[in-house]
Amino acid sequence: MQFDYLLIGQGISGTFLSYYLQKEGKSFLVIDNNFKDSPSRIAAGIINPVTGRRLVTVWMADELLPFAWQAYQEIGNKLGISAIAQKNIIDFFPNPFMREGYKKKIEEGDQYVRLCSDEKQFEPFFNYEFGCGEVKPAYTVHLESLLPAWRKHLQQNNQLLQEDFDLSLLLVEKESVSYKNIIAERIIFCDGPSSMANPWFSLLPFAPNKGEALVVEIPGLPAENIYKRTLSLVPMQQNDIFWIGSAYHWDFDNTDPTPAFRKEAEDLLKSWLKLPYKVLEHRSGLRPATLERRPFVGLHPLQPAVGILNGMGTKGCSLAPFFASQLTAHLLRKQPITAEADLNRFSKILSR
Ligand SMILES: Cc1cc2nc3c(=O)[nH]c(=O)nc-3n(C[C@H](O)[C@H](O)[C@H](O)COP(=O)(O)OP(=O)(O)OC[C@H]3O[C@@H](n4cnc5c(N)ncnc54)[C@H](O)[C@@H]3O)c2cc1C
């Protein structure tokens, strides 16, 4: 079997890279093992233009957010599903200082934050004493629909092989790669945390980060917004189902769900929420984060038949469509990749 590209991984990165390659009429095969705890299958899918208690605008927000909205609309239309929805974030202030932080940002002309127009509006559902702000626009990506729908589409086109990719069987030559009975001009790794163990890329400064979330049923809670107080409570597509998370652990012995996170999330729900809830699932996984919080996008400096689209960290939903599109333009037309994301910045390290 001969292809232009062999892609490893159909998380959100591999989904968009294969989407753009398909749009360009290129031939490819995706190999993916459908790992149930991959970050793309655990994430809430939030796209948030600001980050942290200091409400710092995220890197490239003005470019990434409109691009993501457009890209998810497009792929959703192709598949006949809803892939994204605008869900602004209602940020419940933990203390009076947070309101001051919001006011300062508003005075500075920040376009993404404002005070809630009716701060009492959420009183039937939540306990809160210091009011709330709103982050707008924010989005949720419906990963739980998008990933299986794109997978089905690839399977119908004979473009997906569901199995474990075995790196020891990969042969890399100057202008092609071969794997079992497959020959391709290039292989692109979109395999998330697995790339850390890949000899081509193991020297990259990955900094894996463990996250956890509960899936809960909360009948009667409006699903128009994401609600935030320490953790985020995010409406999923199914009625009355919410996701609450997530922890950020840099030190961990394993990737299993922890009783400590479950207690933290349930303690919060008990004190914050006025409605009854039921825990349906507790999930955990690794984010493919990087030391300098920027993705890895491009071709290996010594071996241009091998490439990577990875390092999406906490923001795969906004970064993956944009950088998959850039990588496609780079592969097909040698267009430049944003310098902070370009794999070229690690040429020295990868040439060792
Ligand atoms: C709890 C949690 C919450 C998160 N919430 C958000 C959020 O709200 N918004 C946001 O933007 N980001 C969020 N993230 C981060 C986001 O999930 C990641 O940035 C993103 O999913 C990375 O996508 P990826 O496709 O690069 O990698 P992955 O999701 O890891 O995809 C890699 C794919 O490769 C496959 N694979 C791996 N190894 C092999 C192999 N050897 N053979 C075959 N297949 C293989 C896997 O099955 C998987 O399908 C969250 C992460 C976690 C853990």
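## Helix 4 over the sheet

Helix 4 (residues 96–107) lies across strand 7 (89–92), strand 8 and strand 9 (132–135), with contact meaning heavy atoms within 4.5 Å. Its direction is about 125 degrees to strand 8; axes are lines fitted to C-alpha atoms, for helices over the stretch in contact, and angles run from 0 to 180 degrees between N-to-C directions. Helices (H or I, at least four residues) and strands (E, at least two) are DSSP runs, numbered from the N terminus.

This is a predicted model: local features need pLDDT of at least 70, side-chain atom pairs count only at pLDDT 80 or more, and totals for chains, interfaces and linings use all residues. Residues are numbered from 1 along each chain as its sequence is written, and side-chain values use heavy atoms, leaving out hydrogens and water.

## The open sheet

Now the sheet itself: 8 strands in the order 8-9-7-16-17-18-15-19, open and with mixed pairing. Strand 8 (113–115) and strand 19 sit at the edges, each pairing on one side only. From one strand to the next, the twist averages 25 degrees.

Strand 19 goes antiparallel with strand 15 (residues 209–217) over 9 bridges; two strands pair if DSSP finds at least two bridges between them. In this pairing, Lys210 stands opposite Leu286 of strand 19.

## Arg283 in strand 19

Arg283 belongs to strand 19 (residues 278–287). Arg283 counts as buried because its relative accessibility is 18%, and buried means under 20% relative accessible area (1.4 Å probe, protein chains only).

Leaving aside residues up to four places away in sequence, Arg283 touches Lys36, Asp37, Arg41, Ile42, Gly211, Glu212 and Ala213. With Lys36, a polar atom of the Arg283 side chain lies 2.6 Å from the backbone oxygen.

Key
Buried means under 20% relative accessible area, exposed over 50%, partly exposed in between (1.4 Å probe, protein chains only). A polar contact is a pair of N or O atoms within 3.5 Å; within protein, one must be able to donate a hydrogen and the other to accept it, and residues adjacent in sequence count only if both atoms are side-chain atoms.
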